[in-house]
Amino acid sequence: MELLLPLLLNPPARRLQLVLDGNTYAEEATMVSICNSIYLGARFAVAPDAKLDDGLFDVVMVGALSRWELFRFALALRFGNTLQLPKVTCLRAREVEISRVRYRQRPLPVHADDHIAAHTPVKIKVIPQALCVVAPDSTQSAP
């Protein structure tokens with residue numbers, strides 16, 4: 001619920017410009033999530049097809065939602081099927097830029113984990129091998 005509370009309090013979509021690996025999109029969005037893994041927080045499967053090691057972000061764009069659609073989105077988040085909703089799309093990119101279409105409007109907060117890390121306009125990119133992670137070999141079966 002901590003994810004949806006801000007959306008419930010401030011549901012209008014914002015007109016955004018997204019540049020994904022040089023391709024420009026103008027979107028009316030309630031939420032854009034740049035994902036490197038499946039989950040947002042501990043239990044919300046925003047990007048069910050995301051992979052930590054593919055070198056790509058899954059960019060999940062949630063279009064303008066009515067309150068009923070927002071409720072359906074909340075249920076889909078809980079059960080991991082957000083991408084089946086008609087106003088949710090996912091694209092993949094190594095580099096993502098997000099800005100407001102109307103430049104005179106105030107910048108929007110950009111959250112990283114549980115805090116505001118920046119404000120729009122923002123550029124986010126994958127930096128290969130920037131983080132060393134120790135994980136089990138997924139090709140070996142468990143004993």
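V62 is buried here, with a relative accessible area of just 1%. Keep in mind that this is a predicted model. Below is a quick tour, going from V62 to the sheet and then to a nonpolar patch on the surface.

**Around V62**
- V62 sits in strand β5, which covers residues 57–63.
- Because buried means under 20% relative accessible area, V62 makes the cut with its 1%.
- Leaving out neighbours within four places in sequence, V62 touches E28, A29, T30, M31, F73, K87 and V88.
- A29 is one of those contacts, and its C-alpha atom is 5.5 Å from that of V62, although the two residues are 33 apart along the chain.

**The sheet**
- Strand β5 belongs to an open sheet of six strands, which run in the order β6-β5-β2-β1-β7-β10 with antiparallel pairing.
- At the edges you'll find β6 (88–93) and β10 (122–125), each of which pairs on one side only.
- From one strand to the next, the twist averages 45 degrees.
- Over at the β10 edge, β7 (residues 95–100) and β10 pair up antiparallel through four bridges.
- If you want a spot to look at there, E97 stands opposite K123 in β10.

**The surface patch**
- W68, F71, L75 and F79 make up a nonpolar patch on the surface, and together they have about 500 Å² of accessible area.
- L75, one of the patch residues, is part of helix α2, which spans residues 67–79.
- Is L75 buried or exposed? It falls in between: L75 is partly exposed, at 40% relative accessible area.

Technical notes
Residues numbered from 1 in each chain as written. Predicted model: local features only at pLDDT ≥ 70, side-chain atom pairs only at ≥ 80, totals over all residues. Heavy atoms only, no water. Pairing = 2+ DSSP bridges. Helix = DSSP H or I, 4+ residues; strand = E, 2+ residues; numbered from the N terminus. Axes fitted to C-alpha atoms, helices over the stretch in contact; angles between N-to-C directions. Patch = residues over 30% accessible without salt bridge, like charges linked within 9 Å, V, L, I, M, F, W, Y side chains within 5 Å. Areas by Shrake-Rupley, 256 points an atom, 1.4 Å probe, with all protein chains shown as cover. Salt bridge = Lys/Arg side-chain N within 4 Å of Asp/Glu carboxyl O. Buried < 20%, exposed > 50% of the residue type's maximum accessible area, 1.4 Å probe, protein only. Contact = heavy atoms within 4.5 Å.
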